[in-house]
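This briefing concerns the structure shown below. The points that follow are grouped by topic, from single residues to helix packing.

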Amino acid sequence: MKGLKYQMKSVLRDKFCLMTFLLPILVAVALHFMGSIDMSSLGELHFGVLENELSPQTVTWLKRYGPVTACGTQEELTAAINEPSTNVIGVRADGDSLKTAVSGDELDIFRQAAATLPTLYERREAAGQAEIQTLERPDIMENLQGIFIPAVLIVAMFMGCTFNAMNIISEKEDGVAFVNEILPQTSSQYILQKVVVGFLFGSLSSIVTACICFRLSLQNFGLMLALIVLSSFVAALIGLFIGKFSEGLMIGVVYIKIVMLLFLAVPIVCALIGVGGPLAVICNIVPSQPAFEGIMALSAGSMGTAMKDTGILAVHCIVWFALYVLVSTRRKKQAV
């Protein structure tokens, strides 16, 4: 218990550890409030015209597709078109038709709209007779949150990896590791002392983040809690490996960055490209992949997939724990 109390005091003194545990919660709060912001205006067309050049009827027709800004001179219009922060399409009269101008740095959808606009204007009378069906605009942030929220939870779950690795490395540099080697404690006591704090704080951060981001039923929350606990335990064990094999602070930081990048990149890429078959089985070697897939399954209401991913994480816990005990025992025998 004294060792655990020392580790807890170490966490409270380390601002970096406190920041890493609180950061996912702050991001979850930001995503929760961003979901209520209307971002549909980002996909609207914006037009720039010269004052008194186009007829009022033409300006009214343009306003059907997006806001119209009138510029006093050609220089002002050119500046509005070339402004990098906007997607303004310049519209000028061209006889009985229109001509458009874009800067070239817009998204492809705006360049296509600029190319289509003159033809659409010429055929406006025929288009006016067509039956119009207005479709519901998709929520951009809702689609993005399907990826963002599980990614934030992955970061929270595997934050214990960072703490345990940095804790062991700092003990090596301060000489505390030599003291630990002569203390009358077994390997299991040492593992428990090192794992518990990172595991508890990682689990707590993940639970708070999940409560902010999800509204789950009692059964779904039980599965979410199982995913969080198993993922946090695996992360804490991996942190022990990084701390054990890192010779210095800089090497440890590099290892942590590589691991965190792998934890985030593999599940996000799998979700975006829809990995399946044998490749999906191989991707489950990375423990964040079943955790990410389980969170996505719970948000979609797929209990079977979530239970399967919970089982995969349980296997990860057993394998990583046995591997760490084996490596620690072998290195102790070699030291003797």
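Ala79 belongs to helix H4, which covers residues 74-82. In this predicted model, Ala79 has a relative accessibility of 46% and is therefore classed as partly exposed. Its C-alpha atom lies 9.6 Å from that of Ser103, although the two residues are 24 apart in sequence.

**Overall content**

- The protein contains 15 helices and four strands.
- Of its 336 residues, 40% are buried.
- When contacts between residues at least 6 apart in sequence are considered, 70% of them link residues at least 24 apart.

**A loop residue with positive phi**

- Asn52 is located in the loop that runs between strand S1 (46-50) and helix H3 (56-63).
- The phi angle of Asn52 is positive, near 65°, and the residue is not a glycine.
- Asn52 has a relative accessible area of 80%, so Asn52 is exposed.

**Individual residues of helices H10 and H11**

- Ser203 is part of helix H10, residues 187-213. Its relative accessibility is 8%, and because buried means under 20%, Ser203 falls in that class.
- Apart from neighbours within four places in sequence, Ser203 touches Ile228, Val229 and Ser232.
- Asn220 lies in helix H11 and, with a relative accessibility of 14%, counts as buried.
- Beyond residues up to four places away in sequence, Asn220 is in contact with Leu298 and Met303.
- Phe245 is also placed in helix H11, but at 42% relative accessibility Phe245 is partly exposed.
- Phe245 and Ile169 are 76 residues apart along the chain, and their C-alpha atoms are separated by 9.3 Å.

**Helix H12**

- Helix H12 comprises 25 residues, 249-273. A rise of 1.5 Å a residue leads to an expected span of 36 Å, and the end C-alpha atoms are 36 Å apart, so the two values agree.
- The buried residues of H12 are Gly252, Ile256, Val259, Met260, Phe263, Val266, Pro267 and Cys270.
- Gly274 follows H12 and has a positive phi, near 70°.

**Packing of H11 with H12**

- Two packed helices are described by the angle between their axes and by the distance between those axes.
- For H11 and H12, the angle is about 150° and the axes are 9 Å apart. Because angles over 145 degrees count as roughly antiparallel, H11 is described in that way relative to H12.
- The crossing of H11 with H12 is right-handed.
- On the H11 side, the contact involves Ile238, Ile242 and Phe245; on the H12 side, it involves Gly252, Tyr255, Ile256, Val259 and Phe263.
- The contact of H11 with H12 comprises seven nonpolar residues, one polar residue and no charged residues.

**Packing of H11 with H14**

- The axes of H11 (residues 218-245) and H14 (residues 288-300) come within 10 Å and cross at roughly 170°. H11 is therefore roughly antiparallel to H14.
- The crossing of H11 and H14 is left-handed.
- H11 contributes Asn220, Leu223, Met224, Leu227 and Ser231 to this contact, while H14 contributes Ala291, Gly294, Ile295 and Leu298.
- Six nonpolar and three polar residues form the contact of H11 with H14, and no charged residue takes part.

**Packing of H12 with H14**

- H12 and H14 pack at about 50°, with 8 Å between their axes. The two helices are therefore oblique to each other.
- H12 and H14 cross in a right-handed sense.
- The residues in contact are Leu262, Phe263, Val266, Pro267, Ile268, Cys270 and Ala271 of H12, together with Ser288, Gln289 and Phe292 of H14.
- By class, the contact of H12 with H14 is made up of eight nonpolar residues, two polar residues and no charged ones.

**Residues that recur across these topics**

- Phe245, a partly exposed residue, takes part in the contact of H11 with H12.
- Asn220, a buried residue, is one of the H11 residues that meet H14.
- Phe263 is among the buried residues of H12; Phe263 also appears in the contact with H11 and in the contact with H14.
- Val266, Pro267 and Cys270 of H12 are likewise listed as buried, and they are among the H12 residues in contact with H14.
- Gly252, Ile256 and Val259 are included in the buried residues of H12, and they are among the H12 residues that meet H11.

Methods: Residues numbered from 1 in each chain as written. Predicted model: local features only at pLDDT ≥ 70, side-chain atom pairs only at ≥ 80, totals over all residues. Heavy atoms only, no water. Expected span 1.5 Å × (residues − 1). Buried < 20%, exposed > 50% of the residue type's maximum accessible area, 1.4 Å probe, protein only. Axes fitted to C-alpha atoms, helices over the stretch in contact; angles between N-to-C directions. Parallel < 35°, antiparallel > 145°, perpendicular 65-115°, else oblique. Left-handed = near helix turned anticlockwise from the far one by under 90°. Contact = heavy atoms within 4.5 Å. Nonpolar A, V, L, I, M, F, W, Y, C, P; charged D, E, K, R; others polar.
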